Amino acid sequence: MNKLDDLIRELCPNGISSKRIDEICSISRGKVISKDYIASHMGEYPVYSSQTENDGELGRIDTYEYDGEYLTWTTDGANAGSVFYRNGKFSVTNVCGLLKVIDNDVIPKYLFYALQIEAGKYVNTGMGNPKLMSNVMARIKIKIPPIEIQSEIVRILNNFTELTAELTAELTAELTARRKQYEVYLEKLLESAKKDCSTQKMSELFEFKNGLSKGKDYFGRGNAFIRYTDVYNKRTFYKEDVREYVECSDNELQKLSVHRGDVLFTRTSETAEEVGYAMVVLDEIENCVFNGFSIKATPKTDCLLPEYCAFCFSSKEFRKHVSTKCVFTTRASLTGKVIGDYTLCVPPIETQREIVDTLSKLYDLCHSLDKGLPAEINARKKQFEYYRSELLEFKEVG
């Protein structure tokens, strides 16, 4: 990094000033592009949405709205604040933010790397559903060094990105294979359990209730709070997983408290495929409530092990039920009634324990960030993030 240090000493010895995003970029969002539209207009040009899987690509169509260098970001949902660099012909949906650099003193790829650090700091997690809307993005300040310094930082980080991608490609391929193997085992074990099980409607097994909706001023203190991102990203939840707190009344606490064995489902998302994700509470957490963008299923009986629920609601059969039966307008929305209509296979408790023992080990190998391949891939990601932060840490003017 000697060249970079020399450039900083030469070009900005007194520090670097900042600019707001709305001084650097034009800010907009896309238009409604449904999956039906994509299916009937298939082509070569990507449509980017607010999802982060598959690089944010929702599908491909035969026309495009934008051509050139842009940045997009996820406006809401579990991955709100995720930023992507785009270069080419593409379109974006109405739930995807779009930035076009209009300042000749800013390199789009430099802004991309800087926003990867800064955007997440401005995500509003109040009310349980994370958001980073255009008016907030506009106010984010980014330190803008001279073009020569930006170019050198982009060169270094591009090289680092390529090296990291090469190092993780084999690991990622192996992890993908293991996760597919896990999914095969999950389906086989759940299918084999049907030979010796009873069947019951979910409405007979659980009582359903929507969660807490509060303004952002109520968050940051008070009672333990399970966020939408917790439900979306985790299959199990323990005391140590609590990351948010909210003030609520005694009445709200009484009606919306969460206890061991409760199953939480994501209630709304941009796509139907992301509703109905299930997470099971496996600790008794004192005075804990849950977010309004999730549905709580409280067991009426003791015929299901909570640990078993963490796996059985990941089956293809259940996922198909919730994704095809949910209501879709501008967003997909799920109700307790839809979940309640699902007929669930209930194996004997001993069979459930055997399934849990087998799948828990496989799941940890494929998904735990503290073990195996996920841990190694995560370590490489953290290494890149560390060097990126070091490169973009400047002394500010004054």
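Leaving aside its neighbours within four places in sequence, with which residues is Ser 50 in contact? In this predicted model, the residues that touch Ser 50 are Thr 74, Thr 75, Asp 76, Val 95, Cys 96 and Glu 270, once neighbours within four places in sequence are set aside. Ser 50 itself lies in the loop that links β3 and β4. Its relative accessibility is 7%, and because the limit for a buried residue is under 20%, Ser 50 counts as buried.

The same loop holds a second residue of interest. Asp 55 is also placed between β3 and β4, but Asp 55 is partly exposed, with a relative accessible area of 44%. The backbone of Asp 55 has a positive phi of about 60°, although the residue is not a glycine. As background, most residues other than glycine have a negative phi.

The strands on either side of this loop pair with each other. Strand β3 covers residues 42–48 and strand β4 covers residues 57–61; they run antiparallel and are joined by 5 bridges. Within this pairing, Tyr 45 is set opposite Ile 61 of β4. Strand β3 also pairs with strand β6, residues 83–92, here in the parallel sense and over 2 bridges. In that pairing, Val 47 has Ser 91 of β6 as its bridge partner. In general, strands of a sheet pair through backbone hydrogen bonds, either parallel or antiparallel.

Further along the chain, an open sheet is built from 3 strands in the order β13-β11-β17, with mixed pairing. Strands β13 (244–246) and β17 (288–290) stand at its edges; each has a single partner strand, so one side of each lacks a neighbour in the sheet. On average, and with direction ignored, neighbouring strands of this sheet are turned by 75° against each other. Strand β11, residues 219–226, runs parallel to β17, and 3 bridges join the two. Ile 226 is found opposite Phe 290 of β17 in this arrangement.

The loop between β16 (278–281) and β17 contains Asn 287. This residue has a positive phi of about 50°, although it is not a glycine. Asn 287 is partly exposed, with a relative accessible area of 37%.

Another open sheet of 3 strands follows the order β15-β20-β19, and its pairing is antiparallel. Its edge strands are β15 (268–269) and β19 (327–328), each of which pairs on one side only. Strand β19 runs antiparallel to strand β20, residues 332–333, through 2 bridges. Here Val 327 stands across from Ser 333 in β20.

The description now turns to the helices. Helix α1, residues 2–11, packs against helix α6, residues 147–192, at an angle of about 165°, and their axes are 10 Å apart. Because angles over 145 degrees count as roughly antiparallel, α1 is roughly antiparallel to α6. The crossing of these two helices is left-handed. On the α1 side, the contact involves Lys 3, Leu 4, Leu 7, Ile 8 and Leu 11, which meet Glu 148, Ile 149, Glu 152, Ile 153 and Ile 156 of α6. By class, this contact comprises 7 nonpolar and 3 charged residues, with no polar ones. An α-helix has 3.6 residues a turn, so residues three or four places apart point the same way.

Helix α6 also packs against helix α4, at an angle of about 65° and with the axes 9 Å apart. Angles from 65 to 115 degrees count as roughly perpendicular, and α4 and α6 are therefore roughly perpendicular to each other. This crossing, too, is left-handed. Helix α4 contributes Lys 109, Tyr 110 and Tyr 113 to the contact, and α6 contributes Gln 150, Ile 153, Val 154, Leu 157, Asn 158 and Thr 161. These residues divide into 5 nonpolar, 3 polar and 1 charged. Ile 153 of α6 thus appears in the contact with α1 and in the contact with α4.

Is helix α4 enclosed or open to its surroundings? Of the 11 residues in α4 (residues 108–118), 8 are buried, so the helix is largely enclosed by the rest of the structure. The buried residues are Pro 108, Lys 109, Tyr 110, Leu 111, Phe 112, Tyr 113, Ala 114 and Leu 115. Among them, Lys 109, Tyr 110 and Tyr 113 also take part in the contact with α6.

Notes: Residues numbered from 1 in each chain as written. Predicted model: local features only at pLDDT ≥ 70, side-chain atom pairs only at ≥ 80, totals over all residues. Heavy atoms only, no water. Pairing = 2+ DSSP bridges. Helix = DSSP H or I, 4+ residues; strand = E, 2+ residues; numbered from the N terminus. Buried < 20%, exposed > 50% of the residue type's maximum accessible area, 1.4 Å probe, protein only. Contact = heavy atoms within 4.5 Å. Axes fitted to C-alpha atoms, helices over the stretch in contact; angles between N-to-C directions. Parallel < 35°, antiparallel > 145°, perpendicular 65-115°, else oblique. Left-handed = near helix turned anticlockwise from the far one by under 90°. Nonpolar A, V, L, I, M, F, W, Y, C, P; charged D, E, K, R; others polar.
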